[in-house]
Amino acid sequence: MAAPKAKTPLSIVNTVMAQYEDGPRLPADLGYGGGDLAFFSFEISGYQKSEKEHIHLTWSWRCLDPSGVLLVEPAEGKLETDVSPEDKDWLPKVRQNFEIPFYAPSGAYHVQISLHDVLANADATADVPYLVRGHRVEPSDTLTVRNFRFFRSEDDSQPMEVAAYRPGESVWARFDIIGYKLGPGNVFDVQYGLSVIRPDGKPGFSQPEAATLKDKSFYPRRYTPAALSLTLPADVAKGEHTIVLTVRDNIGNQTSETQYKFSVE
């Protein structure tokens, strides 16, 4: 005797994007920030049961950014179990989570789900949209520095409105590097150094190789954050100083030089 057919079409229902497992649905206008964990779940209705009350379902999902690029590695799984007659209204539930890369751009993202019922040879799909509110970095086709900000201390979250320091204090700055080229496996390799021009136009502090940033990731890192600091001598000349920041892209064979001014009072 053939297995009975499903009474309703195979469907993916009750899709939820949340901030924690089994949490409430995230409001559509709220979105996730870079580095957040995203939790999503869905239930399955209209599945086929065998004569022995057995179900066999397979599923897969992938997450796409606003440009259609995979955000994280796709995943897949299966649900194969027995369902008792008392659980005739039971809806299987799948739970998954993934991390939003901290460098993910703002925009509309999508989780795409594919479902297959092995017993019924039926398929269903669903598209679950959500927002990401990322750190804004203006795009560039060539190597450059964006969002250069001076800070009073290493732990400050708000940049200084006026970059003014006193002798003996430390100068802190953060910036974003963008426009470098990626190698195989989305590897990037950038270096930066700095020098300081004193108020009289003569060279002062110099550190040609301040840092090297090299890494790779599944999702292309279109920009990378960086920082610098220098301690002003007690006898530093007062007036306007200029930081000359030199960035090198070792994969794309590019160099960028930019200047930023601060004062010593």
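In which loop is glutamate 53 found? Select this residue in the predicted model: glutamate 53 sits in the loop between S3 and S4. Its phi is positive, about 60°, although the residue is not a glycine. Glutamate 53 counts as partly exposed because its relative accessibility, 26%, falls between the limits of 20% for buried and 50% for exposed.

Next, select aspartate 22, in the loop between S1 and S2. Here too a residue other than glycine has a positive phi, near 60°. The relative accessible area of aspartate 22 is 48%, so this residue is partly exposed.

**The open sheet**

Now display the strands in the order S2-S8-S7-S4-S5, which form an open sheet of five strands with mixed pairing. Strand S2 (32–33) and strand S5 (75–82) are the edges, each pairing on one side only. Strands of a sheet pair through backbone hydrogen bonds, in either a parallel or an antiparallel manner. Focus on S2 and strand S8 (residues 122–133): the two run parallel and are joined by two bridges. To locate this pairing, select tyrosine 32, which stands opposite valine 132 in S8.

**The nonpolar cores**

Turn from the backbone to the side chains. The largest nonpolar core contains 36 residues, and those with the most contacts inside it are Met17, Trp61, Leu71, Phe98, Ile100, Val111 and Tyr130. The elements giving two or more residues to this core are strand S1 (11–18), strand S3 (37–45), strand S4 (54–64), strand S6 (93–99), strand S7 (107–117) and S8.

Which residues does leucine 71 touch, not counting residues up to four places away in sequence? Select leucine 71 with its neighbours: Cys63, Phe98, Ile100, Pro101, Ala104, Tyr109, Tyr130, Phe218 and Tyr219.

A second core, separate from the largest one, has 29 residues. To find this second core, select Leu143, Val171, Ala173 and Leu228, which are among its members. In soluble globular proteins, nonpolar side chains tend to be buried together.

**Aspartate 235**

The last stop is the loop between strand S14 (223–231) and strand S15 (239–249), where aspartate 235 lies. Is aspartate 235 buried or exposed? Its relative accessible area is 69%, and aspartate 235 is exposed because the cut-off for that class is over 50%. Add glycine 168 to the selection: the C-alpha atoms of glycine 168 and aspartate 235 are 7.9 Å apart in space, while the two residues are 67 residues apart in sequence.

How values were computed. Residues are numbered from 1 along each chain as its sequence is written. This is a predicted model: local features need pLDDT of at least 70, side-chain atom pairs count only at pLDDT 80 or more; totals for chains, interfaces and linings use all residues. Side-chain values use heavy atoms; hydrogens and water are left out. Two strands pair if DSSP finds at least two bridges between them. Helices (H or I, at least four residues) and strands (E, at least two) are DSSP runs, numbered from the N terminus. A nonpolar core is a set of buried Ala, Val, Leu, Ile, Met, Phe, Trp, Tyr and Cys residues joined through side-chain atoms within 4.5 Å. Buried means under 20% relative accessible area, exposed over 50%, partly exposed in between (1.4 Å probe, protein chains only). Contact means heavy atoms within 4.5 Å.
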